[in-house]
Structure formats: C-alpha cells, structure tokens
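Here's a quick briefing on charges and greasy spots at the surface. Have a look at the model first, then read on.

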Amino acid sequence: MATETLAEGVAHGGAAVSSCLGLNGSAIGMPQLCTDWMPNQIFWLLVALIAIYFFLSRIGLPRIGAVLAERQGTISNDIAAAEEMKLQAVAAERAYTDALAQARTDANKIVAEAKAEIQKDLDVALARADAEISAKSAESEGRIAEIRAGAMAAVSEVAKDTAQELVAALGGSRDARAVTAAVSARMKG
C-alpha cells in the first residue's frame, strides 16, 4: 500500500507523499495516529517532557516549596504566638482572681474595722447617755423627794389646820398639840 501511495504521489506531482495524506493533500483519519509521524511526535513529546521536568524541578517546585515552607513557618509562629497569648491570658486571669480575692479580703477587713470603730463610738455614746440619764434620774429623784417632802409638809399643815377647824366646828377645844399628834400618827400609817 505504501508503494501505491508513493506511486500515486509521483504520478501527481513527482514528489513522495506520506501514506497519511490523501490525493488532494488533506489528512486521512487522525494525523496524531499516523505511523509515519510517530517518531517525530515521540521526539517532541520527550523534549517537551524534559523541558517541563527541568522547568518544574529548577523553577516551579522550589518556588512552591519556598511558599509552603514560608506558610508553614507563619503557621508555626502563629500557633506559638497563640500559645503564648493563651498563657498570658491564663496568667492575667489568675492575677485578676488573686486581685479580686485580695480586694474582697481588704474590703471585709475595712468593714470589720469600721464596725468595730462604730461599735466603740456607740459604746462610748451609750455610756455617756447612761451617765447623763443616771445623773438626771438622781437629780429628778432628789427633786421628787423634795417635792414629796414639801407636799407631805403642806398636807400635814393642811391636815392640821383642817382638823383644828373641824374640832372647833364640832365644839371641841383647839388643842394644837393633840391635833398635831393625831395627824402625825395618821400620816405615818
């Protein structure tokens, strides 16, 4: 068949024509599958693969590796920074809790001191008030005793005068000693 195509090619124009070309120069079937062109295609495939391999191994993959290493470094640094911040947050929380507990202790101490001082002032004021009340009570009792004594004397005088007048009105004699003795005996009980 190759000889017939070659003969036809020579008959048409005198040049050798590939078995993959038709009479009018158009390809018969798929040119990629033409066995006459396979060695050429394999050669250029190998050249392209070698070029891609060298490009990727010398330029592309080192750049990608550098980007991945930089990214891994950034991630590691961020994780380390996050751990450090977490430790700082735990320490800050511990310090806050300690400060809060200390503040509560100090506040309770201040409240207890204020209560003790207020109680001391209250005790002093109560003692002063009790002393004033006792003094006024004693003074009042003294006055009451004076008033009672004065009232008893006045009642005794009024009783004596009244008894003398009654005795005189009833027709008796006005004996002042007898009336005084009778009124004094009656008032004593």
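What follows is a short tour of surface patches and charge pairing.

Keep in mind that this is a predicted model. Its surface carries a nonpolar patch with about 720 Å² of accessible area in total, and there's a negative patch too. The salt bridge count comes to one.

**Nonpolar patch**
- Seven residues make up this patch: Ile 42, Leu 45, Leu 46, Leu 49, Ile 50, Tyr 53 and Phe 54.
- Phe 54, one of the patch members, sits in helix H2, which covers residues 38-170.
- Phe 54 has a relative accessibility of 41%, so it counts as partly exposed, since that class runs between 20% and 50%.

**Salt bridge**
- Side chains of opposite charge can pair when their charged atoms come close.
- Here the pair is Glu 139 and Arg 143, with 2.4 Å from N to O.
- That distance falls inside the cut-off, because a salt bridge needs the nitrogen within 4 Å of a carboxyl oxygen.
- Glu 139 and Arg 143 are four residues apart in helix H2, so about one helical turn separates them.
- Neither partner is buried: Glu 139 is partly exposed at 43% relative accessible area, and Arg 143 is partly exposed at 48%.

**Negative patch**
- Glu 113, Glu 117, Asp 121 and Asp 123 together form a negative patch on the surface.
- Glu 113, one of these four, belongs to helix H2.
- With 47% relative accessibility, Glu 113 is partly exposed, and that clears the over 30% bar that patch residues must meet.

Methods: Residues numbered from 1 in each chain as written. Predicted model: local features only at pLDDT ≥ 70, side-chain atom pairs only at ≥ 80, totals over all residues. Heavy atoms only, no water. Patch = residues over 30% accessible without salt bridge, like charges linked within 9 Å, V, L, I, M, F, W, Y side chains within 5 Å. Areas by Shrake-Rupley, 256 points an atom, 1.4 Å probe, with all protein chains shown as cover. Salt bridge = Lys/Arg side-chain N within 4 Å of Asp/Glu carboxyl O. Helix = DSSP H or I, 4+ residues; strand = E, 2+ residues; numbered from the N terminus. Buried < 20%, exposed > 50% of the residue type's maximum accessible area, 1.4 Å probe, protein only. Lys, Arg positive; Asp, Glu negative; His and termini not counted. Charge placed at Lys NZ, Arg CZ, Asp CG, Glu CD.
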